[in-house]
Amino acid sequence: TKRWRRSHPGDLGWESCKGCNHPTVLYRLPELLQKSDQPVWFTEGERDADSVRRLGVVATTVPRGATGQADLTPLKGRHIVLVADFDVAGWKRANAAKTALQGVGAVVDRVLRPVDAYSDLTDHVSEGRSLSDLVELDPAMTKLFTDNPTLAQLNQHALSDPRVHIVNTDAFQWLQQDVGF
């Protein structure tokens, strides 16, 4: 079992943060701030954020993954690619994260999931798949961000890029058919 203990710098070195009110920051916050012109991949945990970062994109998550919380305000105005784990809990977390991100003014451009059931982004990448193989969960958003000139310009026409392969799956059908929800 993993245990994550919050701590903060104190007068005598690192001090336990159990029950304290110190704000929790986003994972890899310094890099997010340094690369403020790039889209951010928001994953379910630190392992997934590290996996996708090794592929050359900016990635973050909240500390302690699915159970954590953090100050999301550094993502205000940022374009977000939200990646859900391919299970019911992952979909629920992605919906909550999307709402929270939009609540601080982040722009959630896409919500994606891995190809294989019961897998996460790290599993997806370790199977040799690329980020372009992730499945788009909201076909209406794909259409909107491809066809609307203003939105297409915002994402620099990324969805029309021939290197990107988008597979649209309705989220509710995915929950019913693929995970038996």
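## A tour outward from strand 5

Select F42 to begin, and you will find that it stands opposite L82 in strand 5, where strands (E, at least two residues) and helices (H or I, at least four residues) are DSSP runs numbered from the N terminus. This is a predicted model, in which local features need pLDDT of at least 70 and side-chain atom pairs count only at pLDDT 80 or more, while totals for chains, interfaces and linings use all residues. Residues are numbered from 1 along each chain as its sequence is written, and side-chain values use heavy atoms, with hydrogens and water left out.

Next, show strand 3 together with strand 5: the two run parallel and are joined by 3 bridges, two strands being taken as paired if DSSP finds at least two bridges between them. On strand 5 itself, H79, V81 and V83 point one way and I80 and L82 the other way. Because 5 of the 5 residues of strand 5 are buried, this strand is largely enclosed by the rest of the structure; buried here means under 20% relative accessible area, with exposed over 50% and partly exposed in between, using a 1.4 Å probe and protein chains only.

Now add strand 6, which pairs with strand 5 in the parallel sense over 5 bridges, and look for V111 of strand 6, which L82 stands opposite. In strand 6 (residues 107-113), select V108, a buried residue with a relative accessible area of 6%. The C-alpha atom of V108 is separated by 6.7 Å from that of K98, although the two residues are 10 apart along the chain.

Then colour the largest nonpolar core, which has 19 residues, F42, L75, I80, L82 and L101 being those with the most contacts inside it; such a core is a set of buried Ala, Val, Leu, Ile, Met, Phe, Trp, Tyr and Cys residues joined through side-chain atoms within 4.5 Å. Two or more residues each come from helix 1 (29-34), strand 3 (40-42), strand 5 (79-83), helix 3 (88-103) and strand 6, and helix 3 gives the largest share, 4 residues. A second, separate core of 12 residues includes W41, A59, L131 and L134.

For a last close view, select Y27 and R28: R28 lies over the face of Y27, at 5.9 Å from the ring centre, the criterion being NZ of Lys or CZ of Arg within 6 Å of the ring centre and within 35 degrees of the ring normal.

Finally, display the whole protein chain, with its 7 helices and 8 strands; 41% of its 181 residues count as buried.
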